[in-house]
Amino acid sequence: MKNEKKFLVNSMLGSLARWLRIIGYDTVYWIGEDKDLLEKASLENRIILTKDKNLYYQAIKNNMKAILIKSNDIISIFKQLVLEIGINVKINFEKTRCPLCNSLLILNKNSIRKVWHCPSCGKKYWIGKHWKEINRKINLIKEGVKNEKYEVIIRRRKNIS
Ligand SMILES: [Zn+2]
């Protein structure tokens, strides 16, 4: 994969970490000292996503990529990520990762229905009721992003800053 974005998400954003993994982004969830966090993100070339202003400014000062998350709502957060760094909100079965531990899931091709398993934590996943909910949310995110882009264009046209 060429230049795939990788993330490091800090505390308070656990749900964001799970969503990023589901849509296929390599995402570390980090709880610990800022110093260690910055070091890990730098070593692994990860974009830091945080609600912590101090951490955000430290990262920027060190010439690292970081995004200050503004909202608590997952759909608004995704809107921000799409608009600011152009992440791709869609499920790719080849790239989907375990929401719990970030390992690439393996598709079990012998089963009648599609079943994925996680080679690290052993959890199994399949397309069930839960799947509908995931798809519904992904569509909401896409819809939201579309509307947001439209609003930006309108604002520009009207020349309102
Ligand atoms: Zn796992």
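In this predicted model, helix α5 provides the largest share of the lining of the largest pocket, namely six residues. The pocket holds about 480 Å³ of space. Its lining is made up of 22 residues, and those nearest the centre are Ile22, Pro99, Tyr125, His130 and Ile134. Two or more lining residues come from each of α1 (14-22), β7 (124-126) and α5 (129-158). Sorted by class, the lining has twelve nonpolar, seven charged and three polar residues.

A second pocket also invites a look. The second largest pocket contains about 210 Å³ of space, and twelve residues line it, with Lys6, Asn45, Arg46, Ile47 and Lys65 closest to its centre. Here the lining comprises six charged, three polar and three nonpolar residues.

Turning to the metal site, a zinc ion is coordinated at 2.3 Å by the SG atoms of Cys98, Cys101, Cys118 and Cys121. Along the chain, these donors follow the spacing C-x2-C-x16-C-x2-C. The angles between the four donor atoms run from 97 to 124°, so the arrangement is tetrahedral. Among the donor residues, Cys98 is buried because its relative accessibility is 0%, whereas Cys101, with a relative accessible area of 30%, is partly exposed.

Helix α4 offers a simple check of geometry. Its twelve residues (74-85), at 1.5 Å a residue, should span 16 Å, and the C-alpha atoms at its ends are indeed 16 Å apart. Buried residues in α4 are Ile74, Ile75, Ile77, Phe78, Gln80, Leu81, Val82 and Ile85. After α4 comes Gly86, which has a positive phi near 60°.

Conventions. Residues numbered from 1 in each chain as written. Predicted model: local features only at pLDDT ≥ 70, side-chain atom pairs only at ≥ 80, totals over all residues. Heavy atoms only, no water. Helix = DSSP H or I, 4+ residues; strand = E, 2+ residues; numbered from the N terminus. Expected span 1.5 Å × (residues − 1). Buried < 20%, exposed > 50% of the residue type's maximum accessible area, 1.4 Å probe, protein only. Donors = N, O, S within 2.8 Å, 3.2 Å for Na, K, Ca; no water. Tetrahedral: all angles 85-135°; square planar, octahedral: opposite > 155°, others 65-115°. 1 Å grid on protein atoms, 1.4 Å probe; cavity = no way out; pocket = protein on both sides within 12 Å on 5 of 7 lines; lining within 4 Å. Points joined across faces, edges and corners; volume = space filled by probe spheres on them. Nonpolar A, V, L, I, M, F, W, Y, C, P; charged D, E, K, R; others polar.
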